[in-house]
Amino acid sequence: GLKFAEVGGDDVDLDQDNDTNGGHCSRFVEGLIFSKDRGVVMLGDFAHGVGKDGYLYEHGKWHKPYFYKHAEEVLEHGLSAKGPVVEYWPVRDYYYRHSRS
């Protein structure tokens, strides 16, 4: 799954995620900065299926927005949900998330 967590300012603490996973490190880590005080960190790992903590998102569809726009929308959703958002992506969609072809 891919977990989107908001970051901003000087109070960034990514160690909290590793504590909840028993010291497990994520296989994929990516960050996007939208402004001086606003960004998102995405922590990803392989999964065999869609978990109860998230939903399937197929980014490879022709009508989906650019990845950075999707991440920004997820960040807005996370602010209203008061926590990180988890999505499950097909591997191919994740690997080609920055490509429109």
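The paragraphs below walk through a predicted model, beginning with one arginine and then turning to the aromatic rings.

A convenient place to start is arginine 38, which lies in strand β3, the stretch covering residues 38-44. Its side chain is joined to that of glutamate 76 by a polar contact of 2.3 Å. When neighbours within four places in sequence are left aside, the residues in contact with arginine 38 are Val7, Gly8, Ile33, Glu72, Leu75 and Glu76, so that Glu76 appears both in this list and as the partner in the polar contact.

The aromatic residues come next, and a search of the whole structure finds eight aromatic pairs among them. In one of these, tryptophan 89 and tyrosine 94 meet edge-to-face, with 6.2 Å from centre to centre and 80 degrees between the planes. Tyrosine 94 also pairs with tyrosine 95, here in a tilted arrangement with 6.3 Å between the centres and 55 degrees between the planes. Tryptophan 89 counts as buried because its relative accessibility is 12%, which falls under the 20% limit, and tyrosine 94, at 10%, counts as buried by that limit too. Tyrosine 95, by contrast, has a relative accessibility of 48% and therefore counts as partly exposed, a class that lies between the 20% and 50% limits.

These three residues belong to a wider cluster, in which ring pairs link Phe28, Phe46, Tyr57, Phe67, Trp89, Tyr94 and Tyr95. Arginine 97 is placed over two rings of that cluster: its charged end sits over the ring of phenylalanine 67, 5.8 Å from the centre, and arginine 97 also lies over the face of tyrosine 94, at 4.0 Å from the ring centre.

Conventions
Residues numbered from 1 in each chain as written. Predicted model: local features only at pLDDT ≥ 70, side-chain atom pairs only at ≥ 80, totals over all residues. Heavy atoms only, no water. Helix = DSSP H or I, 4+ residues; strand = E, 2+ residues; numbered from the N terminus. Polar contact = N/O pair within 3.5 Å; in protein donor to acceptor, adjacent residues only side chain to side chain. Contact = heavy atoms within 4.5 Å. Phe/Tyr/Trp six-rings, centres within 6.5 Å; stacked < 30°, edge-to-face > 60°. Buried < 20%, exposed > 50% of the residue type's maximum accessible area, 1.4 Å probe, protein only. Lys NZ or Arg CZ within 6 Å of the ring centre and 35° of its normal.
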